[in-house]
Amino acid sequence: MQHWELLFFFLVIAFVYASVGFGGGSSYLAVLALYALPEPEMKLSALLCNIIVVTGGTLIYIHNKQVVWKKIIPLVVVSVPMASLGARLKLSQDTFFITLGCSLIAAAILLWIKTKKGSDDILGKEKENYLRNGALGGAIGILSGMVGIGGGIFLAPLLNLIKWDSPKKIAATASVFILVNSVSGIAGQLSKSQSGINFTQVALLCLAVFIGGQAGSRIGSEKFDTFVIRRITAVVIFAAGIEVLVKH
């Protein structure tokens, strides 16, 4: 392990993101980009950490029957192959970091936007637009695969903006979306050369996010104002996106 401080950073990120229903892939990448690690290691670390953080939350959402499969399937049936395709694309280092920087800035803006809460009895009652959902899932999927994240940080704010369903069901949808896209992204990553990856460091980072994610999912949302957390996270991600673009 070359950078022990990364364990602390990843633990905190996992705690914060788990408390608001995300995996943290964008912030993991933002931190790793500052250390100039190999691109394959950055993507693999972020995707594995995503899976670890959101798996528990996804199981809880399914157990509580907050996952509406008939609405989620049109999103993921297109996003999964597109995430794998995006992960298989061979990008130059500059192209990767420019795409990552722009993605972080876009994610920060979406996180910052405040949407009005609607009634759970009204939201999600309109006729489902499968074409729109498929296009949305596919676009986020390929972008997620290219940069190495699950895509929930893009999906959830957009679904809230279009009042797709209640906040709880959107959080459940984002959790499932992150999980399946991260798995698909890893499959695409493994199809390419994995030389130069410090697997010991990757494993330790996974352990850190497991601890942080478990703590965040259990006490984070009860102890902290999730709106404030989202705003702080948006500022941090925006700053990281700017720094990545300035450097590359």
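Helices are DSSP runs of H or I with at least four residues, strands are runs of E with at least two, and both are numbered from the N terminus. By this definition Ile-211 lies in helix 9.

The structure is a predicted model: local features need pLDDT of at least 70, side-chain atom pairs count only at pLDDT 80 or more, and totals for chains, interfaces and linings use all residues. Residues are numbered from 1 along each chain as its sequence is written, and side-chain values use heavy atoms, leaving out hydrogens and water.

The protein has ten helices and zero strands. Of its 248 residues, 52% count as buried (under 20% relative accessible area with a 1.4 Å probe, protein chains only; exposed is over 50%, partly exposed in between).

Phe-10, Phe-22, Tyr-28, Met-42 and Leu-100 touch the most other members of the largest nonpolar core, which holds 66 residues. Such a core is a set of buried Ala, Val, Leu, Ile, Met, Phe, Trp, Tyr and Cys residues joined through side-chain atoms within 4.5 Å.

On the surface, Phe-8, Phe-9, Leu-11, Val-12, Leu-207, Phe-210 and Ile-211 make a nonpolar patch of about 630 Å². The elements that give two or more residues to this patch are helix 1 and helix 9, and helix 1 contributes the largest share, four residues. Patch residues have over 30% relative accessible area and no salt bridge (a side-chain nitrogen of Lys or Arg within 4 Å of a carboxyl oxygen of Asp or Glu); like charges are joined within 9 Å, and nonpolar side chains (Val, Leu, Ile, Met, Phe, Trp, Tyr) within 5 Å. Ile-211 is partly exposed, at 46% relative accessible area.

| Element of the patch | Residue range |
|---|---|
| Helix 1 | residues 5-19 |
| Helix 9 | residues 199-223 |

Methods
Areas by Shrake-Rupley, 256 points an atom, 1.4 Å probe, with all protein chains shown as cover.
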